[in-house]
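Q: Please take a close look at a single residue and its surroundings, and then set other parts beside it. Which details would help a reader who is new to this structure?

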Amino acid sequence: MKKISFADFSIFVLKYIFNWRFWIAGITKKSKVYKKFIDNFLFKDDEIVVIPNTISINKKIESEGSEFLPTDVIKEVVKHCDDIVIMNTCLCRSSNNCQDYPQDIGCIFLGPTSRKIPKNIGKKATVEEALAQIDKADAAGLTHIIGRNKIDTVWMNIRPRKGLLTICHCCPCCCLWKVYPNLHEDISGKLEKLEGVEVKLHEDKCRLCKKCLDEVCMYKAISLKDNRITIDYNTCKGCGLCINTCKFDAITIGYSDKTIDNVVNRMNDLIEIKEL
């Protein structure tokens, strides 16, 4: 009889409570004690950056005289890393039984702590395999989130927590971070827009098809007011999913490479662990 590991138990529990995640997140706004517990237990010291999908929005990107693309941030971090593990499946999409996006495009884990990830969760990968996974996720229309995400070390029960960096490939229907609007701002504030990325709404091109309102924005930054589409730029994280949806080029994304080195260095510093 196969011995049940901690990770196996965690996956079972996570899949069971996955559709309760919005309610669980919402309590962080109602109880200071609960918020403090959830923050310390699952999100302490997190630093997470949203990286737009590149392939689907490439024709709608306005570059400031640069060959840099947003996903190059992720690829540069991967190229600097010796320890890489690719998750066998996406826990979010498999928990939600997603039918719109591939369930087999799992997270990429970087850093020395990834060596401790159980083999039934993911496999050790080369830089080339990780880069191919990013391209595959891009081609599937997924956006990306990179950074230190404590919750991953908790459910896999691995240490040290500061030795692991996660690259998630997110769809608008299943991503765990869809709970962003439900979380207390002390927690949701750990999720940041990539520096140099700017989303723009061109009202003169909008045909009010309202497809961008159809559960596309994970952060609920898009709304309909006075029969006009509006974007709350303070809430927008620049994921690019709305750009993929709009067929009239009414939403575009611009970027600059001025901060790419800063972001890459910051991500590298997050997994700078000399000894385990």
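A: Gln 133 is found in helix H6, which covers residues 127-139; helices are DSSP runs of H or I with at least four residues, strands are runs of E with at least two, and both are numbered from the N terminus. The model is predicted, so local features need pLDDT of at least 70 and side-chain atom pairs count only at pLDDT 80 or more, while totals for chains, interfaces and linings use all residues. Residues are numbered from 1 along each chain as its sequence is written, and side-chain values use heavy atoms, with hydrogens and water left out.

Gln 133 is buried, because its relative accessible area is 9% (buried is under 20%, exposed over 50%, partly exposed in between, with a 1.4 Å probe and protein chains only). Its side chain has a polar atom that lies 3.1 Å from the backbone oxygen of Gly 106. Gly 106 is also among the residues that Gln 133 touches when those up to four places away in sequence are not counted; the others are Ile 86, Ile 105, Ile 108 and His 169 (contact means heavy atoms within 4.5 Å).

A second buried residue may be set beside this one. Ile 271 is found in the segment after helix H10, which spans residues 260-270. Ile 271 counts as buried because its relative accessible area is 11%. Leaving aside neighbours within four places in sequence, Ile 271 is in contact with Cys 81, with Leu 110, Gly 111 and Pro 112, and with Lys 162, Gly 163, Leu 164 and Leu 165. Ile 271 also illustrates how sequence and space can be read together: Asp 83 is 188 residues from Ile 271 in sequence, and the two C-alpha atoms are 10 Å apart in space.

Burial can also be followed along a strand. Strand E12, residues 251-255, is mostly covered, with 5 of its 5 residues buried. This holds for both faces of E12. On one side Ile 251, Ile 253 and Tyr 255 are buried, and on the other side Thr 252 and Gly 254 are buried. E12 pairs in the antiparallel sense with strand E9, residues 197-201, over 5 bridges (two strands pair if DSSP finds at least two bridges between them). Within this pairing, Leu 201 has Ile 251 of E12 as its bridge partner, and Ile 251 is one of the buried residues of E12 named above.

How values were computed. Polar contact = N/O pair within 3.5 Å; in protein donor to acceptor, adjacent residues only side chain to side chain.
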